[in-house]
Amino acid sequence: MARKKKKAKFRYYPEEVLIDYVQRGMFSWVDYVRHYSEEWRREFNEFCSERHMPINNDTALAYITFREDLLEDAMEQGLA
């Protein structure tokens with residue numbers, strides 16, 4: 001009888017740790033986005049897929065900018 005494989009847990013880090021990892025060259029911007037949160041991981045994949053963009057550092061930075069713009073808009077509307 002075959003045993004079921006356990007799905008490996010993906011590790012998420014606080015923003016300060018991620019920034020440090022990027023600055024030290026331990027993580028790329030893609031890693032930053034993927035390790036920020038489950039939501040960001042999923043949305044980044046959708047962001048690239050919907051726009052027919054490759055997953056790379058340029059698109060990771062574009063996604064971060066996209067998220068910053070959403071937050072700024074929400075703050076201007078008093079929603080954040």
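**Close-up views of a four-helix chain**

**Figure 1. The buried face of helix α3 in the predicted model.** Trp40, Phe44, Phe47 and Cys48 are the buried residues of α3. Viewed along the axis of α3, these residues lie within an arc of 90 degrees and therefore line one face of the helix. They pack against α2 (29-36) and α4 (57-76). Glu38, Ser49 and Glu50, on the other side of α3, are exposed. The coordinates shown here and in the following views belong to a predicted model.

**Figure 2. The length of helix α3 and the residue that follows the helix.** Helix α3 comprises 13 residues (residues 38-50); at 1.5 Å a residue these should span 18 Å, and the C-alpha atoms at its ends are 18 Å apart, so the expected and computed values agree. Just after α3, His52 adopts a positive phi of about 55 degrees.

**Figure 3. The packing of helices α3 and α4.** Two packed helices are described by the angle between their axes and by the distance between those axes. For α3 and α4, the packing angle is about 110 degrees and the axes are 10 Å apart. Because angles of 65 to 115 degrees count as roughly perpendicular, α3 is roughly perpendicular to α4. Their crossing is right-handed. On the α3 side, the contact involves Glu39, Trp40, Glu43, Phe44, Phe47 and Cys48. These residues meet Thr59, Ala60, Ala62, Tyr63, Ile64, Phe66 and Arg67 of α4. Among the α3 residues in this contact, Trp40, Phe44, Phe47 and Cys48 are also the buried residues of that helix.

**Figure 4. Asn57 of helix α4 and its surroundings.** Asn57 is located in helix α4. Its relative accessibility is 33%, and since values between 20% and 50% count as partly exposed, Asn57 is assigned to that class. Not counting residues up to four places away in sequence, Asn57 touches Ser28, Trp29 and Val30. The C-alpha atom of Asn57 is separated by 8.8 Å from that of Asp31, although the two residues are 26 residues apart along the chain.

**Figure 5. The packing of helices α1 and α2.** Helix α1 (residues 15-23) and α2 have axes that come within 10 Å and cross at roughly 165 degrees. The two helices are therefore roughly antiparallel to each other. The crossing of α1 and α2 is right-handed. Glu15, Leu18, Ile19 and Val22 of α1 make the contact with Trp29, Tyr32, His35 and Tyr36 of α2.

**Figure 6. The buried and exposed sides of helix α1.** Leu18, Tyr21 and Val22 are buried in α1. Seen down the axis of α1, these buried residues fall within an arc of 100 degrees, so they line one face of the helix. The elements covering the buried residues of α1 include α2. Glu16 and Gln23, on the other side of α1, are exposed. Gly25 follows α1 and has a positive phi, near 80 degrees.

**Figure 7. The whole chain as the setting for the close-up views.** The protein chain contains 4 helices and 0 strands, and from the N terminus its elements run α-α-α-α. Of the 80 residues in the protein chain, 25% are buried. Among contacts with a separation of 6 or more, 36% are accounted for by residues 24 or more positions apart.

Notes:
Residues are numbered from 1 along each chain as its sequence is written. This is a predicted model: local features need pLDDT of at least 70, side-chain atom pairs count only at pLDDT 80 or more; totals for chains, interfaces and linings use all residues. Side-chain values use heavy atoms; hydrogens and water are left out. The expected span of a helix is 1.5 Å times one less than its number of residues. Buried means under 20% relative accessible area, exposed over 50%, partly exposed in between (1.4 Å probe, protein chains only). The arc is that of the directions from the helix axis to the C-beta atoms. Contact means heavy atoms within 4.5 Å. Axes are lines fitted to C-alpha atoms, for helices over the stretch in contact, and angles run from 0 to 180 degrees between N-to-C directions. Angles under 35 degrees count as roughly parallel, over 145 as roughly antiparallel, 65 to 115 as roughly perpendicular and the rest as oblique. A crossing is left-handed if the near helix is turned anticlockwise from the far one by less than a right angle, and right-handed if clockwise.
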